[in-house]
Amino acid sequence: QGMFLSVLILFLTNLIFSLSNFSGRMAYTMFLASFFCFMLGRMTMEYITSGEVIFNFANDISKHMLLVIFLALFSLQMGVIIAIKVQEININRHRKRENRVILEENSIKWLRLYTEILFYFSAICAISMNLEQIFFIQNYSYVDLYINFSSNIPRIIQIVGNMHIALFMLFIATCPSKKKCIFPFIFFSLITISVLGAGDRGTFVINIAVILVYAFWRQYHEKEVWISNKVVFVGIISLPFIFAGLSFWVFIREGIDVGEHSVFAQFVRFFRRTGVSVDILGYGKMFQEQFTQSLYSLGELMDYIKYNPLTETIFGMVTPKQYTAEYATTMHSFAHTISYFIFPDQYLLGHGKGSAYLAEIYQDFGYFGIVIWNIIYGIFLSWFENRKCNVKFFSPYNIAIHFMMLRAMFYIPRGPAIYPISIFLNITTIFVFSFIYIIVRIQKDKFSEIVG
């Protein structure tokens, strides 16, 4: 219990530090919130409600879990502080760099126009895809969605729908005025709501998180109110009801008994259920010697090298079907492998335990890897927020990439360690960035010829 309290105190210290400059450290704050939900939520609720933390593992494994969390929190804070100190030292260098114009005003206008128009089309396609999943769940079940679902929507519409994240990030990366953001934000919110309707609470939350980070980032540097203190206060007051609603959504989604329906009971249940991701650290240690692959922390990259459109076309290499023994034992997916080890019968029926970036890193690189990896992530979480939203001096493409990575970062406490990088292995994302860059470049050249 004493070791857990040390970890909790360290977390609260980190949280107080991030809240001391709330608008300027919003990304770090959001990551800490995600970290708490998945790594500390269950244990904290157990300690508050019963006075002790219950571990499902032997004492040495339980200590290992807490040590990994402690090292991660300490290293994250080190990374944030390092980034802040480096930025202070190099502030003059940054000012000199800002004298260099990256994109001309006309290029920014064309980039903003094209991405906004294409985003609306993509959003409509994405919402239609989510609605199809909602209707499927109503007719069958949520579990069937992951086992038997096959979309009847034309492939071209699916491709366009999958472009919505990249297009939205490119649009907001042009730093449009608050007024011009209204309709894109509404469409993005509709996508997010429809995602929740299809049962995906994780995407719902991280979409909201990235919007909040963006709004506070603009507000911090431009001194224009995007989210008033009154809205912040109402939001904080509403948090228990939001968490309770997300917990109760499982009953709506799957018809599972969630116990007492009171707000307090569902609030506690939310953290107890999401907080089970910490057990992945324990299971990872328990089955450490049974893993058949290596470099699980780079898993998506490793699998993409072997299974991609090129190797499939030339060599006929097809990715094994998910939720099979072959997939669990031959792929570099920690989530699938650990789920297969924990409950093989349930796994083959389509159930899983998820992953945790800390478990993947420890499996590959031990405690040293936990420290180094989290220092890097701490630097990343802090570095960008001190950059002003000035697209003349800081490429919108860089801004968009950063926010896509941030969005992925909020998921990694219960997801793959490499996720902030692997999202760019997606052919659709690569196409969007390439296509937008080319058409903006062509438009710029035509404008230059006219002016010339």
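**Close-up 1. Gly354, in the loop between helices H18 and H19 of this predicted model.** Helix H18 covers 344–348 and helix H19 covers 357–383, with Gly354 in the loop that joins them. Is Gly354 buried or exposed? With 15% relative accessibility, Gly354 counts as buried, because the cut-off for buried is under 20%. Setting aside neighbours within four places in sequence, Gly354 is in contact with Ile280, Ala335, Ile338, Ser339 and Arg414. For a sense of scale, take Lys180: Gly354 and Lys180 are 174 residues apart in sequence, and their C-alpha atoms are 38 Å apart in space.

**Close-up 2. Arg42, Glu46 and Asp279, linked in a network of salt bridges.** Start with the pair inside helix H2 (residues 26–50): Arg42 and Glu46 both lie there, four residues apart, or about one turn of the helix. Their closest N and O atoms are 3.0 Å apart. Arg42 also forms a salt bridge with Asp279, again with the closest N and O atoms 3.0 Å apart. Arg42 lies in H2 while Asp279 lies in helix H13 (residues 279–286), so this pair ties together parts that are 237 residues apart in sequence. As for burial, Arg42 comes out at 6% relative accessibility and counts as buried. Glu46, at 10%, counts as buried too, and Asp279 is likewise buried. Why might such groups pair up at all? Side chains of opposite charge can pair when their charged atoms come close.

**Close-up 3. Arg218 and Glu222, a salt bridge within helix H10.** How many salt bridges does the model hold? The count comes to three, and this one has an N to O distance of 2.6 Å. Both residues sit in H10 (residues 201–222), four residues apart, about one turn of the helix. The two partners don't share a burial class: Arg218 is buried, with a relative accessible area of 3%, whereas Glu222 counts as partly exposed at 29%.

**Close-up 4. Phe36 and Phe271, one of the model's 39 aromatic pairs.** The ring centres of Phe36 and Phe271 are 5.7 Å apart and the planes meet at 70°, so the pair is edge-to-face, a label that takes planes over 60 degrees apart. This pair links distant parts of the chain, with Phe36 in helix H2 and Phe271 in helix H12 (residues 263–274), 235 residues apart. Both rings belong to buried residues: Phe36 has a relative accessible area of 15%, and Phe271 has 5%.

**Close-up 5. Tyr214 and Trp226, another edge-to-face pair.** Here the rings are 6.0 Å centre to centre, with 90° between the planes. Tyr214 lies in helix H10 and Trp226 in the loop between H10 and helix H11 (229–254), so the pair ties together parts that are twelve residues apart in sequence. Tyr214 and Trp226 are both buried. Zoom out a little and the two turn up in a cluster linked by ring pairs, whose other members are Phe119, Tyr120, Phe168, Phe185, Phe187, Phe188, Trp217 and Phe403.

**Close-up 6. Arg25 and Phe17, a charge over a ring.** The charged end of Arg25 sits over the Phe17 ring, 4.1 Å from the ring centre.

**Close-up 7. The largest nonpolar core, with its 111 residues.** Which members touch the most others? They are Met39, Leu40, Ile69, Tyr357 and Phe403. Helix H2 supplies the largest share of this core, 14 residues. There is also a second, separate core of six residues, which includes Tyr307, Tyr323, Ala328 and Met331. Back in the largest core, Tyr357 is worth a look for its partners. Not counting neighbours within four places in sequence, Tyr357 is in contact with Phe31, Phe35, Ala72, Leu76, Asn374, Tyr377, Ile412, Pro413, Gly415, Pro416 and Ala417. Phe403, for its part, also belongs to the ring cluster with Tyr214 and Trp226.

**Close-up 8. Cys37 and Cys125, in a structure with zero disulfides.** Are these cysteines buried or exposed? Cys37 counts as buried at 12% relative accessibility. Cys125 also counts as buried, at 14%.

Conventions:
Residues numbered from 1 in each chain as written. Predicted model: local features only at pLDDT ≥ 70, side-chain atom pairs only at ≥ 80, totals over all residues. Heavy atoms only, no water. Salt bridge = Lys/Arg side-chain N within 4 Å of Asp/Glu carboxyl O. Helix = DSSP H or I, 4+ residues; strand = E, 2+ residues; numbered from the N terminus. Buried < 20%, exposed > 50% of the residue type's maximum accessible area, 1.4 Å probe, protein only. Phe/Tyr/Trp six-rings, centres within 6.5 Å; stacked < 30°, edge-to-face > 60°. Lys NZ or Arg CZ within 6 Å of the ring centre and 35° of its normal. Core = buried A, V, L, I, M, F, W, Y, C linked by side-chain atoms within 4.5 Å. Contact = heavy atoms within 4.5 Å. Disulfide = S-S within 2.5 Å.
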